[in-house]
Amino acid sequence: MSMPEVTAPAPKQSLATQLLRFRRGPWEWLATIVIALGVIMLMQPFSLFLYGWSFATIIVGTVMFTIVSHFPE
Amino acid sequence: MSDSSARATIADRVAAATPVPVARRIRSLGDRAIAWLFIGPTILLLLAINIFPLIWTVYLSFTNYKANRSAPIRMVGTEHYSSILSDPDIWYSMQATAHFVFWTIVLETVIGFALAWLIDRKFRGHGIWTTIILLPMMLSPAVVGNFWKFLYEPQIGLFNYAVSFLTGVDRSSFQMLGDVALAPWAIVIVDVWMWTPYVMLICLAGLRSIPDHIYEAAEVDRASPWRQFWSITLPMALPFIMLAVLFRGIENFKMFDMVNLLTGGGPGSTTEVASITLKRDAFESWKTGYSSAFAIILFVAVFGLANIYVKALNRVKQR
């Protein structure tokens, strides 16, 4: 009887390496963070400067999300 | 039955129900063409009532157009966008929106999850209690706005009477809708009352999706109920809670009807959430181009949040 083949777990990659491989998962997370950041900037009560840049941030995040959702899994 | 004969049957049935010259043409159509024929009107309708107004609004946002004036339209570039994004009044209305969104989400999530957790326990009459709890969600926001306005009346309202009964404060000494400090909380209370059942339903779906054998294994391992809650219930229901939070966040970001009915943005501009400011700019000041730019900013924010919502929804579906 042959023993089942045991495969070693894949080595854990850094976030930068994962992003450089252009896979959907990490890039979608990044886009999500940018969108959330933009929404927080839009609604925060502390800085008018951050409020001024919120729309640009949300647009960048949304466009990024639309593009990276076409990346391979 | 083969594919070709099934296709022939469908085409024959459609042809039989149509006048002869049209029927002859339908018989020669393929599956794809028939599918387009059916969805074509819907796509046209969507283009007419969704896509065209959106493109038109984007165009107007770059112009000085005023809907109550017949002067020629002039392109102003990104002037409206830069003026909105540096206007302290609009910034204040975004903060009022943030206050409303934040507190409604926190309260609805906490109370909704607690209710779902209680309802999930099988007790006598839990069905009827579920129905009673769900009732506010089924009402129209216009109806809810109107009757809460009566409830908040300082002289005859039940709310002031209840607060007075419970705390001993004179019932005509405070006005929920007329007081600068209380009005934002008045609309939060109404939204929480109306939409907590919705959050409860989603959380209940999450709790019911947790397999019993996980709890049985935890019992065998002598995990305390508190430990079971933190290690099993909450993590496994979290994607559903996130879904509810995002959905309510998007909905409350756009909130208009209830706020308009209850306070109309007042007193002063204390409860002037973004959509109320937008309505005032568009239909009271008639700054159509300016308000179009504001609408596009709100749309992009909601669209961005909707992307996150869809991502969360897909994660829930994968479970």
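From the N terminus on, the elements of chain A run α-α-α, and in this predicted model the secondary structure of that chain amounts to three helices and zero strands. Of the 73 residues of chain A, 23% count as buried, while residues 24 or more positions apart account for 54% of the contacts in chain A that have a separation of 6 or more.

The second helix of chain A, α2(A), has 20 residues and reaches 29 Å from its first C-alpha to its last, which is close to the 28 Å expected at 1.5 Å a residue. Its buried residues are A31(A), V34(A), I35(A), G38(A), V39(A), M41(A), L42(A) and M43(A), and these buried residues of α2(A) pack against α3 of chain A together with α5 and α14 of chain B.

That packing leads on to the interface between the chains, where 18 residues of chain A are in contact with 18 residues of chain B. On the side of chain A that touches chain B, the elements giving two or more residues are α2 (24–43) and α3 (48–68) of chain A, and α3(A) gives the most, with nine residues. By class, this side of chain A has twelve nonpolar, five polar and one charged residues.

The largest nonpolar core has 69 residues, and those with the most contacts inside it are L42(A), A186(B), C203(B), F294(B), I297(B) and A301(B). To this core α9(B) gives the most, with 14 residues. L42(A), one of the residues with the most contacts inside the core, is also among the buried residues of α2(A). For I297(B), if residues up to four places away in sequence are not counted, the residues touched are F55(A) and I84(B).

Within chain B, helix α11 (residues 225–253) departs from a straight course: a straight helix of 29 residues would span 42 Å at 1.5 Å a residue, whereas α11 of chain B spans only 37 Å between its end C-alpha atoms. A kink of about 50° lies in α11(B) at L238(B), shortly before the proline P239(B). The buried residues of α11(B) are A237(B), F240(B), M242(B), L243(B), A244(B), R248(B), N252(B) and F253(B), and they pack against α5 (88–120), α9 (183–208) and α14 (288–318) of chain B.

On a broader scale, chain B is divided into domain 1 (3–60) and domain 2 (79–318), and the C-alpha centres of domain 1 of chain B and domain 2 of chain B lie 40 Å apart.

Two residues illustrate the loop between α3 and α4 of chain B. S70(B) lies in this loop, between α3 (31–60) and α4 (79–84) of chain B, and S70(B) is classed as exposed because 6 other C-beta atoms lie within 10 Å. S70(B) and S82(B) are twelve residues apart in sequence and 25 Å apart in space, C-alpha to C-alpha. N64(B) also has its place in the loop between α3 and α4 of chain B, but N64(B) counts as partly exposed, because it has 18 C-beta neighbours inside 10 Å. The C-alpha atoms of N64(B) and M75(B), eleven residues apart along the chain, are separated by 6.5 Å. Not counting residues up to four places away in sequence, N64(B) touches I73(B), R74(B), V76(B) and G289(B).

How values were computed. Residues numbered from 1 in each chain as written. Chains lettered and ligands numbered in written order. Predicted model: local features only at pLDDT ≥ 70, side-chain atom pairs only at ≥ 80, totals over all residues. Contact = placed C-beta atoms within 7 Å. Helix = DSSP H or I, 4+ residues; strand = E, 2+ residues; numbered from the N terminus. Nonpolar A, V, L, I, M, F, W, Y, C, P; charged D, E, K, R; others polar. Expected span 1.5 Å × (residues − 1). Bend = angle between axes of the 7 residues up to and from the residue. Buried ≥ 20, exposed ≤ 12 C-beta atoms within 10 Å, placed from the backbone. Core = buried A, V, L, I, M, F, W, Y, C linked by C-beta atoms within 7 Å. Domains from an automatic or database assignment.
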